[in-house]
Amino acid sequence: MFVTTQNPHTGGSLAYALQQLINGITLGMIYGLIAVGYTMVYGIIGMINFAHGDVFMIGAFLSLIALTGLGMLGITYVPLALFLTLLFAAGIAALYGWTIERIAYRPLRGSFRLAPLISAIGMSIALQNFAQVAQGARDKNLPELIPGGFKIFEENGFVVQLSWMQIVITVVTVALLGLFTWLVTKTSLGRAMRACEQDMKMTSLLGIDVNRTIGLTFVIGAALAAVAGLLFLLYYGSINFYIGFNAGVKAFTAAVLGGVGSLPGAVIGGLAIGLIEAFWSGYASVEYKDVAAFSVLIVVLIFMPTGLLGRADVEKV
Amino acid sequence: MSKALKDAGISALIALGIFGAMVGLPTVVGPGGKLSLDPQPWTVAIIVAVVFFGRLGIVLWQANRKPRVKAKSTTHSKYTVANVAGPLLLAVAVVLPMAGDRYLIDIGILVMTYVMLGWGLNIVVGLAGLLDLGYVAFYAVGAYSYALLAQTFGLGFWTCLPLAGLLAAFWGMLLGFPVLRLRGDYLAIVTLAFGEIIRVVLLNWTQLTGGPNGISGIPRPTLFGLKFTLGDGPDTFAGFFHLTPSITYRVAFLYYVIFGLALLTNWVSNRLRRLPLGRAWEALREDEIACRALGINVTTTKLTAFAIGAGFGGFAGAFFATRQAFISPESFTFIESAIVLAVVVLGGLGSQIGVALAAIVMIGGGEVFRDFNEYRMLIFGVALVVVMVVRPRGLVSGRTPSVSLGRGGHIAADMMSEGHG
């Protein structure tokens, strides 16, 4: 789906492979950020939050609105503008996440298995068309805010480039994931989340507000998706109301590939999908990169039904 | 009252946060491609006001509502939805083309196609309990099979129809094999991926499928060799029966073709439910482990469900191709799978009449909103959420058990959780 920079130079050289590796990692970071939201929600309430990809899309639009608005207000110092945009997009998207959970999923908790999934599909369709009605169907382009980069090395006239944007994406993603890992492993909220994951009924008996914990999970997932949306907007410079579906499916694929419920798995899965896409576009064909990513998913699931880092789920009778 | 006001106020604040930026600050592309914001404060104010008073109304209504005591009916009524609505709908469906209104028949064909797809998917999702998010793939396989067979070998619709079904069933088996070991949501995502793979291949294999341009000039079906073209030669329908040539005959004929196909689907799945195979499907849906313990071959059971469901999808696809005379990958996106799944689930899983009702409400209702094209899918999405929240078991949330001891009969919705249905 995403247009990876394709060089007319034919493959084969080390430099070309290195460039694909850099592009793949950048793409994988964005997938990983979205995948974390999927994996957390799936881990706790065992449902595919189908609308998550569309929260990512909303996040990208919110970022666009904020950046345009700040530009009109005259705040052009890029780091400040980006920081304010990040706060704004993550905050409002978090509100979206919470509201979606509250109105579309919470009433269905304890209902039969398919009900929340259908509700989520409906929510996804609604959000997509909401964005189309509110913000228009045309592609929205944003001029490059963080231009430039530096050459790593040159081989036979092929320049391996690492742009500042790619560095920013990697740094932001790693920092957020670090923060998030700390949140889940060290804080009481993280403990509550992991407890809900293991046994919701027991957790509520021990005096933990299960509804609040689940709501906060959605809030965190949506905020991360909005950050991914901002990074996507900055990296590709063009968004429309439809980006959520494809990114959502890819990110969920990443989550499943890494093992649903496992946080490092989500990031590893995201990187794997990003690398597969980049290398497939670089060496085989851009058109079939989605086929490559999905085929890998199917093959992995046949041989490791729980994904790369997932726990085997033993069903007790 | 103050609690209600506070509640409504919070809702209004949330609405302000959610709609304030997305609706209130639309980005517009100015001259030279420069983006700017076009504030719409009044639209936001109206939305926030609607949310405030709407929430206030709901809270007050809930507070003043007397708790309803649900009388548990012990006698089973003879007049269930299936018994009354079924024959009625059938009668309406038979006489619908007699009205002669072309537009009405076209909507009838559309609704009937989704009824058939819904009944086909019902075998996989409703009976066997396998969540399939890529059903549109088989629809596409059927459509392209017919289009390619007809164009390459010059075969007619009635020859190709079974072939399209068989090919789709074959693809169903092919998909079935790798996913046999997967459970629930993993299965869903793999079927979704499969649907996307088929679509991407159709889009890019230009030599075979025509790529994004699709295939056009797909031949129309004939009635025992009688064509439905606008002419009065002896080999046309109008000429043979000495009627004035009219396009309505062809549309009505197409309507009866899909009607027949839908009835076939219904009949076959109703029959299958009573066979050991169908019972194995329902047992599998309720408890896979118990199934294995009882010696049911889970592999064949799942594969047959996939293959038969896919086969009916293929039939519907072949019909779609012949009706449109033009197909392109655009018609086979994920949203189609979502709509068919929504038809099945809103109808009430496993309920045949429910699927028909849901297709009428959703597809027919969608046609009513055709004029508000922009808002149509938005309303569709919201309606999906609302119906799920209000009636999670679907519109017709009760069904006749396939097997019952003595005076069984209708099973109420609240009994239909696992182990009772």
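pLDDT is the predictor's confidence in each residue, from 0 to 100. The structure above is a predicted model, so every exercise here works on computed values.

## Exercise 1: Confidence

Find where pLDDT stays under 50 in chain B, and set that stretch beside the score of the whole chain.

Solution.
- Step 1. Take the chain first. Chain B has a mean pLDDT of 81, with 86% of its residues at 70 or more.
- Step 2. Look for the low stretch. Residues 412–421 of chain B stay under 50. For these residues the model has 15 contacts beyond four places in sequence.
- Step 3. Repeat for chain A. Its mean pLDDT is 85, and 94% of its residues reach 70 or more. Here pLDDT stays under 50 over residues 1–8, for which the model has 14 contacts beyond four places in sequence.
- Step 4. Add the scores of the model: ipTM is 0.85 and pTM is 0.86.

## Exercise 2: Chain B in outline

State how many helices and strands chain B has, and what share of its residues is buried.

Solution.
- Step 1. Count the elements. There are 16 helices and four strands in chain B.
- Step 2. Turn to burial. Of the 421 residues in chain B, 42% are buried.
- Step 3. Check the contacts. Among those in chain B with a separation of 6 or more, 72% join residues 24 or more positions apart.

## Exercise 3: Helix 2 and helix 4 of chain A

Describe how helix 2 of chain A lies against helix 4 of chain A.

Solution.
- Step 1. Locate the pair. Helix 2 of chain A covers residues 52–73, and helix 4 of chain A covers residues 114–135.
- Step 2. Read the geometry. Their axes come within 9 Å and cross at roughly 20°.
- Step 3. Classify the angle. Angles under 35 degrees count as roughly parallel, so helix 2 of chain A is roughly parallel to helix 4 of chain A.
- Step 4. Give the hand. Helix 2 of chain A passes helix 4 of chain A in a left-handed crossing.
- Step 5. Name the residues. Helix 2 of chain A brings Asp54(A), Met57(A), Ile58(A) and Phe61(A) to the contact. Helix 4 of chain A brings Ser124(A), Leu127(A), Gln128(A), Ala131(A) and Gln135(A).
- Step 6. Sort them. Five residues of this contact are nonpolar, three polar and one charged.

## Exercise 4: Two partners of helix 10

Work out how helix 10 of chain A packs with helix 9 of chain A and with helix 1 of chain A.

Solution.
- Step 1. Start with helix 9 of chain A. Helix 10 of chain A (residues 263–283) packs with it at an angle of about 120°, the axes being 7 Å apart.
- Step 2. Classify. Helix 9 of chain A and helix 10 of chain A are therefore oblique to each other. Their crossing is right-handed.
- Step 3. Find the contact. Lys250(A), Ala251(A) and Thr253(A) are among the residues of helix 9 of chain A in it. Those from helix 10 of chain A include Gly265(A), Ala266(A) and Ile268(A).
- Step 4. Sort the residues of this contact: eight nonpolar, five polar and one charged.
- Step 5. Move to helix 1 of chain A, residues 14–45. Its axis and that of helix 10 of chain A come within 6 Å and cross at roughly 140°. This crossing is right-handed.
- Step 6. Sort again. The contact of helix 1 of chain A with helix 10 of chain A has 15 nonpolar, eleven polar and one charged residues.

## Exercise 5: Where the chains meet

Show which element of chain A gives the most to the side that touches chain B.

Solution.
- Step 1. Count both sides. The contact takes 55 residues from chain A and 49 from chain B.
- Step 2. List the elements of chain A that give two or more residues: helix 2, helix 3 (78–105), helix 4, strand 1 (140–141), helix 9 (243–258) and helix 11 (289–303).
- Step 3. Pick the top giver. Helix 4 of chain A gives the most, with 14 residues.
- Step 4. Sort the side of chain A: 38 nonpolar, eleven polar and six charged residues.

## Exercise 6: Two single residues

Decide whether Lys151(A) is buried or exposed, then place Ala325(B).

Solution.
- Step 1. Lys151(A) sits in strand 2 (residues 149–155) of chain A.
- Step 2. Lys151(A) counts as exposed because it has 9 C-beta neighbours inside 10 Å.
- Step 3. Beyond four places in sequence, Lys151(A) touches Val159(A), Val160(A) and Gln161(A). Gln161(A) is ten residues away in sequence, yet 4.6 Å away C-alpha to C-alpha.
- Step 4. Ala325(B) lies in the loop between helix 13 (298–324) and strand 4 (326–327) of chain B.
- Step 5. With 13 other C-beta atoms within 10 Å, Ala325(B) is partly exposed.
- Step 6. Check the backbone. Phi of Ala325(B) is near 65°, a positive value in a residue other than glycine.

Note on methods. Residues are numbered from 1 along each chain as its sequence is written. Chains are lettered from A and ligands numbered from 1 in the order in which they are written. This is a predicted model: local features need pLDDT of at least 70, side-chain atom pairs count only at pLDDT 80 or more; totals for chains, interfaces and linings use all residues. Axes are lines fitted to C-alpha atoms, for helices over the stretch in contact, and angles run from 0 to 180 degrees between N-to-C directions. Angles under 35 degrees count as roughly parallel, over 145 as roughly antiparallel, 65 to 115 as roughly perpendicular and the rest as oblique. A crossing is left-handed if the near helix is turned anticlockwise from the far one by less than a right angle, and right-handed if clockwise. Two residues are in contact if their C-beta atoms, placed from the backbone, lie within 7 Å. Ala, Val, Leu, Ile, Met, Phe, Trp, Tyr, Cys and Pro count as nonpolar, Asp, Glu, Lys and Arg as charged, and the others, Gly among them, as polar. A residue is buried if 20 or more other C-beta atoms lie within 10 Å of its own, exposed if 12 or fewer, and partly exposed in between; C-beta atoms are placed from the backbone.
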